[in-house]
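Biologist: I am new to this structure and would like a close look at a single part of it. Please start with one turn of the chain and work outwards from there.

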Amino acid sequence: MRRARGSGALLLAPVVVALAFLAAWEALVRVGRVAPFVLPSPTAVLASLREVGAQVLAAAGATGLNALVGLVAGTALALLAASLAARVRVLREALVPLAAAAAAIPIVALAPVFATMYGATSELPRRLVVTLVVFVPVFVNALRGLLTVDPVHAELMRSYAASGWATTRWVRLPGALPFVFTGLRLAASAAVISAVVAEYFGGLQTGLGSRITSAAANSAYPRAWAYVVAACALGLLFYAAALALERAATPWRRAGTG
Amino acid sequence: MSSTRTTPGATPAGGPGTAAAPAPGGPAATPAVEVRGVVRRFGAVTALDGIDLVIERGELVSLIGPSGCGKSTLLRVVADLVEPTEGEVRVGGKSAHRARLDQDYGIAFQAAGLLEWRTVAGNVELPLQLHGVGRAARRERARELLDLVGLADFARHRPSQLSGGMQQRVAIARALAERPSLLLMDEPFGALDEMTRERLQAELLAVRAATGCTVVFVTHSVPEAVFLSDRVVVMSARPGRVAAVVPVRLGTAERDDAVRATPAFAASVVQVRAALRATEAPR
C-alpha cells in the first residue's frame, strides 16, 4: 500500500518536470521562431515518428538485438573471468589492472577498426564492441562481490568447519549477486549506447545509429530526432529490464521493515 | 592458582577415533574447557599471556576486562578460530581443533551475522544443512529452536525485517542448532539497548537451563556478567592476563530480574568492579 503510493509520488515529479521541459521547448521553437533545421519542435518530431514508425521499430530492433547479444556475451565472459580471478590469485593480479585500463579507454574507438576487419555486411563488429564495453563493469563489480565476504560470515563458516566450496556456494555467491547486478545495470545502458555509436562508423545501414546519421546528412532533422527518441527509449528499456531482473533475483534487498 | 594441577580425567591425547563417549555429569567428567599456559602474540603485540582457565561442564563463565585485554581472542582460541602461539586448549577433552571439526560448540558474535538472503528459518538451518541433515529434520529443529527463542511467528521473515534484538535471538538459535554442549558468545548483546539486553539475558539463562550447556560469555558490562555467571573471569590488558576470578553466589534459585535488586547482586558487582579497577592500578 505504502510502497505503491510511494512509487506513484516518486514518478510524479520527474513526469511533471519532463512535460514542462517539452512544453517549454515547443514554446521556444514556435514563439522564438527557431528554424526547424536548428531545432525541430517536439510535435514535429512526434509527427515524423508517426510517419516513419515502422522503420523506426525495425531499426530499434536491429540495434536492440546487437546490444542484447553483446550484453549477454559480455556478461557471460565477465562472470566466467571474475569467478576464475576470484579463485586464482595470479589471474586476479593479471586481470584486475587490465580491466582498470580497459575502463579508462573509450572502447567505441575500436568500432571503425572492427568495421574494417569484419567488413560492411556483418553485425559482428557492433556486437564485439558491445561485448567489450559490457565486460568491464560486470567483471569489476562481480569480482569485488566475490572477494567481499563479511568477516562475521567468514568466522561463522570456519566455526562450522565448512569447506571452501560450501563457503562459496552458501556465502560468497549469494553475497556477490547484488554486486553483479550493479555491474549489469551499468552495462545495460552502456550496451545500447555503444551499439548505437558503433553504427556511426559505417557498415550495415540497419540500426538506429546509421539512420540517425543518414537522416541528419539529408537534413531530415525531425526524422533524425525521431530515431534519437527511439534510441533513448531503447536505453531505458534495457535499464528497466536489468532493474527488473535484479529485483527478481535479489528479493531480500527489497524486504524492508514491516 | 597453580598451573601444574593435573585434571583427574585427563588422558593422553588419543586419536579422534579412540575418544570415549563423554560422560556428562559423571564425577570424572573432563572439564568443558581447559586452557593451559596459552600465549597469543600478534606480531610484537602480546594479546594473551600465560592464560590458565578451567571451565567445568554446565558452568556459565563470563570473561570481562578493559578493551584490548584479549577476552575475545581467548574466546576465539577456544573456538579454534585463532591459534595459540604457545600453550594448549582442550574442549571436552579433545583438542580445540578436533572439537571444531566435530561441531562440539555453537558460537554467537556481537554482530548477528545472519545471511540476509535466507529466511529466519533458513539461517537457523544453515549449520544443519552444511552438515548434511535432511530437510525434514532441519525444518523440525528450526521450528523447535525458534519456539525456544520466541520467534516461531517469524520463521519466513527476512533478517532485515527483524529488530537487532530479534536478529540476535536468531543467531543464538542458530548457535544451538546442533545441540552443542558448549556455547561461546562474544558480546552477543553488546549492540542492543538496555531493555532488550536484560530480556535476552534472562532468555539466555532459560535456554541454558533447558539445554544444560556450558557457556563462555564475553562482555564488557559488569552487571551483565554478574547476572549471568557462576564465575566472572576478570582480565587485564596489555598483555592480556587473568587478573582475578570472582565467584558469583546469588543463591541456587533460578535468577530472574528480581535478583538485580538484591544485596548479594550489588555485592558481586562491587567485587567485580574492584577487581577491574585493580587491573588498571599498576600502570
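**The hairpin of chain B and its surroundings**

Modeller: In the hairpin formed by strand 1 of chain B and strand 2 of chain B, two residues lie between the strands, and Gly43(B) takes a positive phi near 60°. This is a predicted model, and every statement that follows refers to that prediction. The two strands of the hairpin, strand 1 (residues 33-42) of chain B and strand 2 (residues 45-55) of chain B, pair in the antiparallel sense, with seven bridges between them. At the turn, Phe42(B) has Val45(B) of strand 2 of chain B as its bridge partner.

From the hairpin one can step to the interior through Val216(B). Setting aside neighbours within four places in sequence, Val216(B) is in contact with Val33(B) and Ile55(B), and also with Val61(B), Leu63(B), Leu75(B), Val78(B) and Leu184(B). Val33(B) belongs to the range of strand 1 of chain B, and Ile55(B) to that of strand 2 of chain B.

Val216(B) is part of the largest nonpolar core, which has 76 residues. Val216(B) is listed with Val78(B), Leu184(B) and Val272(B) as the residues with the most contacts inside this core. Helix 5 (residues 164-175) of chain B gives the largest share of the core, six residues. At least three residues of the core come from each of domain 1 (55-104 + 180-283) and domain 2 (115-178) of chain B. Another core lies apart from this one; it has 58 residues, and among them are Val56(A), Phe135(A), Tyr227(A) and Leu234(A).

The domains can be taken next. Chain B is divided into domain 1, made of residues 55-104 and 180-283, and domain 2, residues 115-178. Taken over C-alpha atoms, the centres of domain 1 of chain B and domain 2 of chain B are 24 Å apart. In the contact between them, 13 residues belong to domain 1 of chain B and 12 residues to domain 2 of chain B. On the side of domain 1 of chain B that touches domain 2 of chain B, helix 6 (residues 194-211) of chain B supplies the largest share, six residues. By class, that side of domain 1 of chain B holds nine nonpolar residues, three polar and one charged.

Chain B also meets chain A. Their contact takes 18 residues from chain B and 18 residues from chain A. On the side of chain B that touches chain A, the elements giving two or more residues are helix 2 (96-101) and helix 3 (120-130) of chain B. Helix 3 of chain B has the largest share of that side, three residues. The side of chain B that touches chain A divides into 11 nonpolar, four polar and three charged residues.

Chain A itself has 10 helices and zero strands. The C-alpha atoms of chain A fill a box of roughly 75 × 55 × 30 Å along the principal axes. Chain A has 258 residues, of which 36% count as buried. Of the contacts in chain A between residues at least 6 apart in sequence, 77% join residues at least 24 apart. An unreviewed UniProt entry annotates residues 56-246 of chain A as "domain: ABC transmembrane type-1". That span, residues 56-246 of chain A, is 84% helix and 0% strand, and its end C-alpha atoms lie 29 Å apart.

Terms used: Residues numbered from 1 in each chain as written. Chains lettered and ligands numbered in written order. Predicted model: local features only at pLDDT ≥ 70, side-chain atom pairs only at ≥ 80, totals over all residues. UniProt positions renumbered as here; feature names shortened; annotations may be inferred. Helix = DSSP H or I, 4+ residues; strand = E, 2+ residues; numbered from the N terminus. Domains from an automatic or database assignment. Contact = placed C-beta atoms within 7 Å. Nonpolar A, V, L, I, M, F, W, Y, C, P; charged D, E, K, R; others polar. Pairing = 2+ DSSP bridges. Core = buried A, V, L, I, M, F, W, Y, C linked by C-beta atoms within 7 Å. Buried ≥ 20, exposed ≤ 12 C-beta atoms within 10 Å, placed from the backbone.
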